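Let's take a walk through this one together, starting at a single residue and then stepping out to a sheet. Have the model open and follow along.

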Amino acid sequence: QVQLVESGGGLVQPGGSLRLSCAASGSFFRINAMGWYRQAPGKERELVANIASGGRRNYTDSVKGRFTISRDNAKNTVDLQMNSLKPEDTAVYYCNAELMSTTYYAMNYWGKGTLVTVSS
């Protein structure tokens, strides 16, 4: 059983910052990519940023220059530093991990989500 546990959401004023963290636990062979998705009310879930095991990063255009994703392979964690937050960043943010199971199957796991609200 693999679990992803997120933390760090909350209410912040426009222009403020938040840091989201996600820790993976359980039995698996290897984590390939880790990332963050978000879903705003009435919208589809979208990729915010992801990072491969080798460190290659990918960001959606709307967060480039404001958000930074990082991971600690030894601790199986991924963080998302969010700066210059805008009201349109308001959403539930989900951690995602693409990993290989102990029997070498590709698996995809999600956290339960953490709410980020940007409002004055």
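**Starting from asparagine 96**

Asparagine 96 has a relative accessibility of just 3%, so it counts as buried, the cut-off for that being under 20%. Bear in mind as you look around that this is a predicted model.

Where does asparagine 96 lie? You'll find it in strand β9, which covers residues 91-100. Now look at what surrounds the residue. Setting aside neighbours within four places in sequence, asparagine 96 is in contact with Leu4, Ala33, Met34, Gly35, Tyr37, Asn108, Tyr109 and Trp110. Pick out Tyr109 from that list: the side chain of asparagine 96 reaches the backbone oxygen of tyrosine 109, at 3.2 Å.

One more hop from here takes us to alanine 24. That residue is 72 residues away from asparagine 96 along the chain, yet their C-alpha atoms are separated by 9.4 Å.

Next, turn to strand β3, which spans residues 18-26. Strand β3 runs antiparallel to strand β8 (residues 77-82), and six bridges join the two. If you want a specific pair to click on, try alanine 23, whose bridge partner in β8 is threonine 77.

Zoom out and you can place that pairing in an open sheet of four strands, ordered β1-β3-β8-β7 and paired antiparallel. Which strands sit at the edges? They are β1 (2-7) and β7 (67-72), each of which pairs on one side only. From one strand to the next, the twist averages 15°. As for what links such strands, pairing in a sheet goes through backbone hydrogen bonds, whether parallel or antiparallel.

Technical notes. Residues numbered from 1 in each chain as written. Predicted model: local features only at pLDDT ≥ 70, side-chain atom pairs only at ≥ 80, totals over all residues. Heavy atoms only, no water. Buried < 20%, exposed > 50% of the residue type's maximum accessible area, 1.4 Å probe, protein only. Contact = heavy atoms within 4.5 Å. Polar contact = N/O pair within 3.5 Å; in protein donor to acceptor, adjacent residues only side chain to side chain. Pairing = 2+ DSSP bridges. Axes fitted to C-alpha atoms, helices over the stretch in contact; angles between N-to-C directions.
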